[in-house]
Amino acid sequence: MLEIFKVGKHKDNRGVERDYTSAMVDEILESYDFSNHRAPILATHNENQPNKGLIAGLKRIGDRLFGIPYQVVTDFKESVAKGEWPAISPRLYHPDDPSNPRPGKWGLRHVAFVQIPAIKGMAMPEFSEHPDWDVEFCFSEISFGGWMDGAIASAFRAIRDYIIEK
């Protein structure tokens, strides 16, 4: 898991400082739906570059928000392990952003690996080999055919969410 955000006062790229509350972090967590928007993992905030992986889901531990990486490019994992990307900087959807897939809610747009983060005091990024975190599930692309698509995919997503929670 990657520590990507935390409760507190943070200044965005336009210099606007906001106090991100527990409720706002919960909203980011609850509004994230991998089947609707797949937040890319990027090297820098440049969204015109190919992504280095995806965020399959989010988890909150205390006042911190973690992303579950999915399909991360091997070369990028190695460059992070070497310390070439020492920090993470999330880009959020503002509730009023017209491109927000969940209008009216704070949401995760992407996770950028950077040299100097705007949010200080977060853990250095690493793609852990910890056995409890080394499981990746993505059931949004499974197709069973016919009328059962939604029901079965929904059941698998619920199982995935339960496993992630535990």
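This report walks through the fold, the pockets, the cavity and a handful of residues in a predicted model.

## The fold at a glance

Let's start with the overall layout. The chain's secondary structure adds up to three helices and eight strands. Read from the N terminus, the order is β-β-β-α-β-β-β-α-β-β-α, so three strands come before the first helix and a helix closes the series.

The chain has 166 residues, and 40% of them count as buried. If you take the contacts with a separation of 6 or more, 61% are between residues 24 or more positions apart. As for the outside, the accessible surface is about 9,500 Å², and carbon and sulfur atoms hold 50% of that.

## The largest pocket

The largest pocket holds about 570 Å³ of space. Its lining is made up of 22 residues, and those nearest the centre are Asp12, Asn13, Pro90, Arg91 and Leu92. Strand 2 (8–11), strand 3 (17–20) and strand 7 (87–93) are the elements that put two or more residues into this lining.

Which element gives the most to the lining of the largest pocket? That's strand 7, with four residues. Sorted by class, the lining of the largest pocket comes out as 11 nonpolar, five polar and six charged residues.

## The second largest pocket

Next in line is a pocket with a volume of about 360 Å³. Here 16 residues form the lining, with Leu29, Gly57, Leu58, Asp161 and Ile164 nearest the centre. Strand 5 (53–61) and helix 3 (149–165) supply at least two lining residues each.

The class split for the second largest pocket is eight nonpolar, one polar and seven charged residues.

## A cavity, with His37 in its wall

Rolling a probe the size of a water molecule over the atoms shows where empty space is left. Apart from the pockets, there is one cavity of 30 Å³ or more, and the largest cavity has a volume of about 80 Å³. Its lining includes Ser31, Tyr32, Asp33, Asn36 and His37, along with Tyr93, Asn100, Pro101, Arg102, Gly107 and Leu108. By class, that gives four nonpolar, five polar and two charged residues.

His37 is worth a look in its own right. You'll find His37 in the loop between helix 1 (22–31) and strand 4 (40–43). Is His37 buried or exposed? It is buried, because its relative accessible area of 16% falls under the 20% cut-off. Beyond its neighbours within four places in sequence, His37 is in contact with Tyr32, Tyr93, Pro101, Leu108 and Arg109. With Arg109 there is also a polar pairing: a polar side-chain atom of His37 sits 3.1 Å from the backbone oxygen of Arg109.

## Ile41 inside strand 4

Further along the chain, Ile41 sits in strand 4. Ile41 counts as buried, with a relative accessibility of 0%. Its contacts, leaving out residues up to four places away in sequence, are Leu2, Asn51, Lys52, Gly53, Leu54, Ile55, Pro69, Val72, Phe76, Val111 and Phe113.

Arg109 turns up again here. Ile41 and Arg109 are 68 residues apart in sequence, while their C-alpha atoms are 9.7 Å apart in space.

## Val7, between two strands

Val7 belongs to the loop between strand 1 (2–6) and strand 2. Its relative accessible area is 22%, so Val7 is partly exposed. Not counting residues up to four places away in sequence, Val7 touches Tyr20, Thr21, Ser22, Val25, Arg60 and Asp63.

How far apart are the C-alpha atoms of Val7 and Thr21? They are separated by 5.5 Å, although the two residues are 14 apart along the chain.

## Two backbone oddities

Most residues other than glycine have a negative phi. Thr44 goes the other way, with a positive phi near 80 degrees. Thr44 lies in the loop between strand 4 and strand 5, and with a relative accessible area of 33% it is partly exposed.

Gln71 also has a positive phi, at about 50 degrees, and is not a glycine either. Gln71 is in the loop between strand 6 (64–70) and helix 2 (74–81).

Definitions and conventions. Residues numbered from 1 in each chain as written. Predicted model: local features only at pLDDT ≥ 70, side-chain atom pairs only at ≥ 80, totals over all residues. Heavy atoms only, no water. 1 Å grid on protein atoms, 1.4 Å probe; cavity = no way out; pocket = protein on both sides within 12 Å on 5 of 7 lines; lining within 4 Å. Points joined across faces, edges and corners; volume = space filled by probe spheres on them. Nonpolar A, V, L, I, M, F, W, Y, C, P; charged D, E, K, R; others polar. Buried < 20%, exposed > 50% of the residue type's maximum accessible area, 1.4 Å probe, protein only. Contact = heavy atoms within 4.5 Å. Areas by Shrake-Rupley, 256 points an atom, 1.4 Å probe, with all protein chains shown as cover. Polar contact = N/O pair within 3.5 Å; in protein donor to acceptor, adjacent residues only side chain to side chain.
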